[in-house]
Amino acid sequence: MTNETNTTAIVQRPSFLKAVMAIVQKDLSAEFRSRELLSAMLVFSMLVILIFNFALELNIDVRRTVTAGVLWTTFAFAGTLGLNRSMAVEKDRGCMDGLLLAPVDRSAIFFGKAISNLAFMLIVEAIVIPLYALLYNETRIFQLEFLGVLLLGSIGYISVGTLLSAMSVQTRTRDVLLPILLFPVAVPVLLASVKASGGIIEGLPLNDILTPINLLIVYDIVFIAISFMVFDFVVEE
Amino acid sequence: MQTKPIALTILDVLSVISIGVATYFALVFAPTEQIMGQVQRVFYFHVGTAWVGMLGFIMAAVVGVIYLIKKDLKWDRIGVAAVEVSTMFFFITIALGSIWARPAWNTWWTWDPRLTTAAITELIYIAYFMLRAGIEDPEKRARFGAVYTLLGGISVPITFMAIRLFRTIHPVVVGNESAAAQGGFSMSGDMVTAMLVSFAAFTIIFIDLMWNRIRMGSLEEKVEQLKLKVSM
C-alpha cells in the first residue's frame, strides 16, 4: 500500500528474473575466479570412477550393464559435494543474511542457487562423460536421449538438494547431514535416471524407457514446486 | 504438577487388553493357513503395525503443513510423536515381514519394491531424527522437521512407483487374490475377522502411545522452562 502513497522513497524492485540471474551470475563469476568447487567435484568424480574400476572390475561385459549406475553414483556423490560447498560459503561469510535482506522474493534466491548448482553439476557431467567414454571406449553414451535424461535427473536432484543443503548448513552436523537427508528422498530420481539411461545405452526402443522418463518429469515438477513453496520456511530467521 | 488424565490411564489399560485380544485372534481364533501353516499368523500383526506406521507418517506430513501455517509448537509435538511411534511400528512391520519371508520366500530379505520402499521410508525418518538432533533452537527444529516430513510424505509414494518399475514378488493380499503363486492367499471369513481385530487393536495402541508421547513432549517443554527460570 505504501507503494502508491510514497513512490519517491521506494527503490524500484528488480524483476524476479533479474534477481535470479543476478544470483546465478554472482555464483558463477565467484566460482570461475576461484575454481574451488568445480575442481574438487571433478577430481572427486574421477576418483570415484577409478574406485569403481577396481571394485567392479569394469571389463567389457560388466560395463554394458553398470555404466549408467556408475555414472549416476558418481554424479550423486559429486553433487552433494557441490551442494554443501555452495551453501556453506553463503552461510560462513554471512552472505546469506545479505541475500535475505535484499528486496527480492525469497524464492528468487532458491532459483538462483538452484540454477548455479545445476550449472556446476552439468559442467562436471560435461567433462566426466567424455572422459568416461574415452577411458572405457563407451561411445553409446553420446546420444541425445541419454543427455536429456542426464539433464532431467540433474534438475530433480539439484532442486531437492538445494533445499536440503539450505537446511543442513544451519545444523550442527552440517556436511555430514546433507547426504543422509538427501539420498533417501532422492531415491526415485536416481532410480528412474539409472533405469532410463541404462535402457538407452542398451539400445532399448523409446517405448520401454518412457515410464522412467515420465517418472523423472513428474518428480522434477513436484519437487521444484515443493522446494519453491517451502524455501521461505527454511531460510527465515 | 500435572497429573495424568484418567482417560489416558483407561486407554493404557485398554491397549494392554487389546493386544491380548489381538494375540488371541491371531494365534488361536484364526484358522491355520493350508499351505504356509502356522507362520502365516505373523501376517495379522504385520499388517496391523504397517497400518499404524503409515498412519503416523501421513499424519506427520499433514501436521507438518499445519505447523508451517500456524507456527504453534503444539503441532510440532504431535509431529514428533507421530514419527517416533510410527518409526518403531514400521520397524516391527519389517522385522515381522522378515520372519514370514524366511520360510515363505526362503530368504530374510529381498530387494522387492515394497521391501525396498519400506527400508527407504525407515531411513527417511531416521534421517529426520538426525536432522532434529542437530538443531538447538526449538522453533527452527520444528520448522525444519515439518519441511522434511512433508518432503518424506511426498517422496515415499513416488519411490514406491519408481521401484514398481521392477517386478514385485510381495503378495497383494488385500484387494487382489491372484497372487497365490507369490505366497499370497485368499482369506477366509475368520481370517478377515482376525485381521480387522488386529487393525483395531493397533489403532488403539497407536492412539495411546501418541497421547503419552505428546504429553511427554509438553512436560519436557515445561521442564526446560523451569530450568531456565532456576538458572536466571
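**Close-up views of a predicted two-chain model**

**View 1. The start of chain A.** Over residues 1–8 of chain A, pLDDT (the predictor's confidence in each residue, from 0 to 100) stays under 50, and the model has 1 contact beyond four places in sequence for them; two residues are in contact if their C-beta atoms, placed from the backbone, lie within 7 Å. Where pLDDT is low, please don't read the predicted coordinates in detail. This is a predicted model, in which local features need pLDDT of at least 70, side-chain atom pairs count only at pLDDT 80 or more, and totals for chains, interfaces and linings use all residues. Residues are numbered from 1 along each chain as its sequence is written, with chains lettered from A and ligands numbered from 1 in the order in which they are written.

**View 2. Helix α6 of chain A.** Helices are DSSP runs (H or I, at least four residues), numbered from the N terminus. The 31 residues of α6(A), 106–136, should span 45 Å at 1.5 Å a residue (times one less than the number of residues), and the end C-alpha atoms agree, being 44 Å apart. Next comes Asn137(A), with a positive phi near 50°.

**View 3. Where chain B touches chain A.** Chain B gives 24 residues to the contact and chain A gives 23 residues. On the chain B side, α4 (113–133) and α5 (138–164) are the elements giving two or more residues. The largest share, 14 residues, belongs to α5(B).

**View 4. Confidence along chain A.** Chain A has a mean pLDDT of 88, with 95% of its residues at 70 or more. Among its elements, helix α7 (residues 144–168) has the highest mean, 94, and helix α1 (residues 2–5) the lowest, 46.
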